[in-house]
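Got the viewer open? Set the display to cartoon, keep the selection box handy, and let's walk through it together.

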Amino acid sequence: MKKMSLRTRVLTGAVAAAALGAGTLGAVSANASAPAAAPAAAVKADAANRNLQQSTHLTVDAASKAAQAALDAAEKEHQKVAVSVVDRNGNTIVTLRGDGAGPQAYESAEKKAYTAVSWNAPTSELVKRLAQTPNLKDIPGTLFLAGGAPVQVKAAPVAGIGVAGAPSGDLDEKFAQAGAAALAK
């Protein structure tokens, strides 16, 4: 097989790129001018359909209310903490870092909230489970220290609140529970 010169290879590559670009532009233009296709069938959530599941999630306003209540409870006791609220899936909704909270508090609060919602239990209870199952602590994103509280609706977890930065996990958890209690008001 004959070796192509550098000039031939560059020109061949340029022609190939131009052809590819023209094909892409043509496809985009065709899609832009084509009328929108009607949806094949709308999917409706039917309570009788066992293939669908409904879940409850906190609003941003509710999560902010809970986080602020937890932060206020900590400030009343002169504690410098961070508070995080995560949704049922462990995604952070809101995190508040109180004035003077340590740099580790932010991430620790998120992990405590994630841990609480993942197991639907206060993290102080989960610490006790480590004696029987020490490898729980190896699950990414979790933190088995007191300071996380689940938020439940009809005994199902809908969110988690984590607090970190107080000198003890018991205080952190007390403040997290104050945040959860604020949602009942």
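What follows is a tour of a predicted model, one selection at a time.

**The whole chain**

Start with everything on screen. You should be able to pick out 5 helices and 4 strands. Going along the sequence, they come in the order α-α-β-β-α-α-β-β-α. Of the 185 residues, 32% count as buried. Take the contacts between residues at least 6 apart in sequence: 61% of them join residues at least 24 apart.

**Select 60–76**

This is helix α2. With 17 residues at 1.5 Å a residue, α2 should span 24 Å, and its end C-alpha atoms are indeed 24 Å apart. Now colour by burial. Ala62, Ala63, Ala66, Ala67, Ala69, Ala70, Leu71, Ala73 and Ala74 are buried. What do the buried residues of α2 pack against? Show β1 (82–87), β2 (92–97), β4 (156–164) and α5, and you have the partners. Before moving on, click His78, which follows α2 and has a positive phi, near 60 degrees.

**Add 169–182**

That brings in helix α5. Two packed helices are described by the angle between their axes and the distance between the axes. Here, α2 and α5 pack at about 140 degrees, with the axes 7 Å apart. Roughly antiparallel would need an angle over 145 degrees, so α2 and α5 count as oblique to each other. Their crossing is right-handed. To see the contact, show side chains for Lys65, Ala66, Ala69, Ala70, Ala73 and Ala74 on α2, and for Phe175, Ala178, Gly179 and Ala182 on α5. By type, these contact residues split into 8 nonpolar, 1 polar and 1 charged.

**Stay on α5**

Helix α5 has 14 residues and reaches 20 Å from first C-alpha to last, close to the 20 Å expected. Its buried residues are Asp172, Glu173, Phe175, Ala176, Gly179 and Ala182. Those buried residues pack against α2, α3 (105–119), α4 (123–129), β3 (148–153) and β4.

Next, pick Ala181, also in α5. Is Ala181 buried or partly exposed? Its relative accessibility is 40%, so Ala181 counts as partly exposed. Draw a C-alpha to C-alpha distance from Ala181 to Ala70: the pair sits 111 residues apart in sequence and 9.2 Å apart in space.

**Step back to Ala166**

Ala166 is in the loop between β4 and α5. Where does Ala166 fall on the burial scale? With a relative accessible area of 13%, Ala166 is buried. Show its surroundings: leaving aside residues up to four places away in sequence, Ala166 touches Gln79, Lys80, Val81, Leu171, Asp172 and Phe175. Two of those names should ring a bell, since Asp172 and Phe175 are among the buried residues of α5. For Val81, try another C-alpha to C-alpha distance: Ala166 and Val81 are 6.0 Å apart, though 85 residues separate them in sequence.

**Last stop: 105–119**

Here is α3, one of the partners of α5. Helix α3 has 15 residues and reaches 21 Å between its first and last C-alpha atoms, close to the 21 Å expected. Highlight Ala105, Ser108, Ala109, Lys112, Ala113, Thr115, Ala116 and Val117, which are its buried residues. They pack against β1, α4, β3, β4 and α5. Finish on Asn120, just after α3, where phi is positive at about 50 degrees.

How values were computed. Residues numbered from 1 in each chain as written. Predicted model: local features only at pLDDT ≥ 70, side-chain atom pairs only at ≥ 80, totals over all residues. Heavy atoms only, no water. Axes fitted to C-alpha atoms, helices over the stretch in contact; angles between N-to-C directions. Helix = DSSP H or I, 4+ residues; strand = E, 2+ residues; numbered from the N terminus. Parallel < 35°, antiparallel > 145°, perpendicular 65-115°, else oblique. Left-handed = near helix turned anticlockwise from the far one by under 90°. Contact = heavy atoms within 4.5 Å. Nonpolar A, V, L, I, M, F, W, Y, C, P; charged D, E, K, R; others polar. Expected span 1.5 Å × (residues − 1). Buried < 20%, exposed > 50% of the residue type's maximum accessible area, 1.4 Å probe, protein only.
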